[in-house]
Amino acid sequence: MKPDMFRQPVTILVGLGFPAEVRTVMDAYRHLAEWPASLRDTAHSIALKACNAALRGEIEAETARGLFAAFAEKHDLLAPETKVIAASRRRRDKDPHVR
């Protein structure tokens, strides 16, 4: 495994609510760099600095992942798990009253 790869990706919602997997420190860094300046806060700054440090090899990728995930959670960017979505859809599909 590459040193900047996350053991487990962070799935976030992008655009109009489409899920996207952030698999590497560089992916997380890009997302943070593109975050609008008007919406940047302390969580953004900490996650960005952590990604920068991980890219330089000063901290582990998993540390940066944790801080990126915390940033995503604070800003309601985390996507629900696909298993939960699939289970709720299956239940709805079996209900004869729901189209």
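This is a guided tour of one protein chain, with a suggestion at each stop of what to select in the viewer.

**The whole chain**

Begin with everything shown as a cartoon, and keep in mind that this is a predicted model. The protein chain contains four helices and two strands, and if you trace the sequence from its start you meet these elements in the pattern β-β-α-α-α-α. Of the 99 residues in the chain, 24% are buried. If you switch on a surface, you are looking at about 7,200 Å² of exposed area, with carbon and sulfur atoms supplying 54% of it. Among the contacts between residues at least 6 apart in sequence, 47% join residues at least 24 apart, and several of the next stops show contacts between separate elements.

**Strand β1 and isoleucine 12**

Select residues 5-14, which form strand β1, and then pick out isoleucine 12 within this strand. Is isoleucine 12 buried or exposed? Its relative accessibility is 1%, and because buried means under 20%, isoleucine 12 counts as buried. Now add leucine 78 to the selection: although the two residues are 66 apart along the chain, the C-alpha atoms of isoleucine 12 and leucine 78 are separated by 4.4 Å. Leaving aside neighbours within four places in sequence, the residues in contact with isoleucine 12 include Val22, His31, Phe68, Ala72 and Leu78.

**Strand β2 and threonine 24**

Move on to residues 18-24, strand β2, where you will find threonine 24. Threonine 24 is buried too, with a relative accessible area of 13%. When residues up to four places away in sequence are not counted, threonine 24 touches Asp4, Met5 and Phe6.

**Helix α1 and histidine 31**

Next, show histidine 31 as sticks in helix α1. With a relative accessibility of 18%, histidine 31 counts as buried. Beyond residues up to four places away in sequence, its side of the picture includes four partners, for histidine 31 touches Ile12, Phe68, Phe71 and Leu77.

**Helix α2 from end to end**

Select residues 42-55 to see helix α2, whose 14 residues reach 20 Å from the first C-alpha to the last, close to the 20 Å expected at 1.5 Å a residue. What caps the N-terminal end of α2? Show aspartate 41 there, and you will see a side-chain oxygen of this residue 3.4 Å from the backbone nitrogen of alanine 43. After α2 comes glycine 57, which has a positive phi near 80°.

Colour the buried residues of α2, namely His44, Ala47, Ala50, Cys51, Ala53 and Ala54, and then look at what they pack against, which is α1 (25-33) and α3 (61-74).

**How α1 meets α2 and α3**

Two packed helices are described by the angle between their axes and the distance between the axes. Keep α1 and α2 on screen: their axes come within 9 Å and cross at roughly 145°, in a left-handed crossing. The contact is made from the α1 side by Val25, Met26, Ala28, Tyr29, Leu32 and Ala33, and from the α2 side by His44, Ala47, Leu48, Cys51, Asn52, Ala54 and Leu55.

Then replace α2 with α3, and you will find that the axes of α1 and α3 come within 10 Å and cross at roughly 35°. The crossing of α1 past α3 is also left-handed. Here Val25, Ala28, His31 and Leu32 of α1 meet Ala61, Ala64, Phe68 and Phe71 of α3.

**Phenylalanine 68**

Stay in helix α3 and select phenylalanine 68, which counts as buried at 0% relative accessibility. Its C-alpha atom is separated by 8.8 Å from that of tyrosine 29, a residue 39 places away along the chain. Which residues are in contact with phenylalanine 68, once neighbours within four places in sequence are left aside? They are Val10, Ile12, Val22, Ala28, His31, Leu32 and Ala47.

**The loop after α3**

Finish with aspartate 76, which sits in the loop between α3 and α4 (82-94). Most residues other than glycine have a negative phi. Aspartate 76, however, has a positive phi of about 55° although it is not a glycine. With the surface shown again, note that aspartate 76 counts as exposed, at 66% relative accessibility.

Key:
Residues are numbered from 1 along each chain as its sequence is written. This is a predicted model: local features need pLDDT of at least 70, side-chain atom pairs count only at pLDDT 80 or more; totals for chains, interfaces and linings use all residues. Side-chain values use heavy atoms; hydrogens and water are left out. The expected span of a helix is 1.5 Å times one less than its number of residues. Buried means under 20% relative accessible area, exposed over 50%, partly exposed in between (1.4 Å probe, protein chains only). Contact means heavy atoms within 4.5 Å. A polar contact is a pair of N or O atoms within 3.5 Å; within protein, one must be able to donate a hydrogen and the other to accept it, and residues adjacent in sequence count only if both atoms are side-chain atoms. Accessible areas come from the Shrake-Rupley method with a 1.4 Å probe; for residues, only the protein chains shown count as cover. Axes are lines fitted to C-alpha atoms, for helices over the stretch in contact, and angles run from 0 to 180 degrees between N-to-C directions. A crossing is left-handed if the near helix is turned anticlockwise from the far one by less than a right angle, and right-handed if clockwise.
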